[in-house]
Amino acid sequence: PHLGADYAAVCRHAAGMFLSKGHRRVGLVITGPKDPVLNPCAKGFLEGFPSRAEREQAQLRLTYHDGSVKGVCSAVQTLFRSATPPSGVIVARPKHVLTVITELHRLGFRVPQDASIISLGYDQFLDNVVPAVTHYEFNWAAFAKRLFRMVMRQATTDAVSSRGVLVMQEFRCGETLLQRVL
């Protein structure tokens, strides 16, 4: 048994947030397996545009990198030097958000006026970023209670559960997600 973050659900929700704000060109900047079946973030991102019409109208771009600053910058350059750059970007890891924002600035794009950003995670340094970054954050008290219940159930019963539990992080709207003016 295990308890972890439901990154597919978080990416699905982030994609839905962009759709609800009028964004139709959305990029996902991630590391990991390039096969969406093996990568929960990529899978959730693609599922976030559920209808065929939404997928046909949207321009979805999955951009992978190796986790280095140079790799993140290269991914951002690939997205934003295209003929149709995204109006919204989902960034998988909080530590890469700062690199994405500063690389966009270097390329002449303003956040959030030219590109809205959602981070799939939270780290305390994001509290010092201006504009405030829209992100997902664990409710650690709820996570601890859930973990405690799992451990107590395991300790007090003979049944061994092989089922994992995935928890959806909480959405925190910051200043980096704007309504897209069409």
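Two strands are said to pair if DSSP finds at least two bridges between them, and in this predicted model strands E5 and E6 run parallel and are joined by 2 bridges. That pairing is the place to begin.

**The whole chain**

Before zooming in, show the protein as a cartoon and count 6 helices and 8 strands, which follow one another along the sequence in the pattern β-α-β-α-α-β-α-β-α-β-β-α-β-β. The C-alpha trace spans about 60 × 40 × 30 Å along its principal axes. A compact globule of 182 residues would have a radius of gyration near 16 Å, and the 18 Å of the protein agrees with this. Colouring by accessibility will mark 43% of the 182 residues as buried. Of the contacts between residues at least 6 apart in sequence, 76% join residues at least 24 apart.

**Strands E5, E6 and E8**

Select isoleucine 118 and then threonine 134, its bridge partner in E6. Is threonine 134 buried or exposed? Its relative accessibility is 0%, so threonine 134 counts as buried. The side chain of threonine 134 reaches the backbone nitrogen of glycine 174 at 2.9 Å, and the residues that threonine 134 touches, leaving out those up to four places away in sequence, include Ile117, Ser119, Phe171, Cys173 and Leu177.

Now add strand E8 (residues 170–172), which runs antiparallel to E6 and is joined to it by 3 bridges. Within this pairing, histidine 135 has arginine 172 of E8 as its bridge partner.

**Tyrosine 122, in the loop**

From E5 (116–119), follow the chain into the loop that leads to E6 (134–137), where tyrosine 122 lies. Tyrosine 122 has a relative accessible area of 27%, and because buried means under 20% and exposed over 50%, this residue is classed as partly exposed. Although tyrosine 122 and histidine 135 are 13 residues apart in sequence, their C-alpha atoms are 6.3 Å apart in space. Which side chain makes a polar contact of 2.7 Å with that of tyrosine 122? Select aspartate 127 to see the partner. Beyond its neighbours up to four places away, tyrosine 122 also touches Pro94, His135, Tyr136 and Glu137.

**Helix H5**

Pro94 leads on to helix H5 (residues 94–107), whose 14 residues should span 20 Å at 1.5 Å a residue, and the 20 Å between its end C-alpha atoms agrees with that expectation. An α-helix has 3.6 residues a turn, so residues three or four places apart point the same way. The buried residues of H5 are Pro94, His96, Val97, Thr99, Val100, Ile101, Glu103 and Leu104, and what covers them includes helix H4 (69–80), strand E4 (88–91) and E5. After H5 comes glycine 108, with a positive phi near 95°.

**Strand E2 and its neighbours**

Next select E2, in which 5 of the 6 residues are buried, so that the strand is largely enclosed by the rest of the structure. E2 pairs in the parallel sense with strand E3 (residues 59–64) over 6 bridges, and arginine 25 stands opposite glutamine 59 in E3. E2 also pairs in the parallel sense with E4, over 4 bridges; valine 29 has valine 91 of E4 as its bridge partner.

Continue into the loop between E2 and H2, the place of threonine 31. With a relative accessibility of 19%, threonine 31 counts as buried, because the cut-off for buried is under 20%. Leaving aside its neighbours within four places in sequence, threonine 31 is in contact with residues including Asn39, Tyr64, Asp66, Arg93 and His96.

**The nonpolar cores**

Finally, display the side chains of the largest nonpolar core, which has 22 residues; Ile30, Phe45, Phe49, Ile90, Ile118, Leu120 and Tyr136 have the most contacts inside it. Helix H1 (7–20), strand E2 (25–30) and helix H2 (40–47) are the elements that give two or more residues to this core, and H1 gives the most, with 7 residues. Another core lies apart from it and has 18 residues, among them Val29, Val72, Phe80 and Val100.

For a last selection within the largest core, take leucine 120. Its contacts, leaving aside neighbours within four places in sequence, include Tyr7, Val10, Cys11, Ala14, Cys41, Ile90 and Tyr136.

Definitions and conventions. Residues numbered from 1 in each chain as written. Predicted model: local features only at pLDDT ≥ 70, side-chain atom pairs only at ≥ 80, totals over all residues. Heavy atoms only, no water. Buried < 20%, exposed > 50% of the residue type's maximum accessible area, 1.4 Å probe, protein only. Contact = heavy atoms within 4.5 Å. Polar contact = N/O pair within 3.5 Å; in protein donor to acceptor, adjacent residues only side chain to side chain. Core = buried A, V, L, I, M, F, W, Y, C linked by side-chain atoms within 4.5 Å. Expected span 1.5 Å × (residues − 1). Rg over C-alpha atoms; globule rule 2.2 N^0.38 Å.
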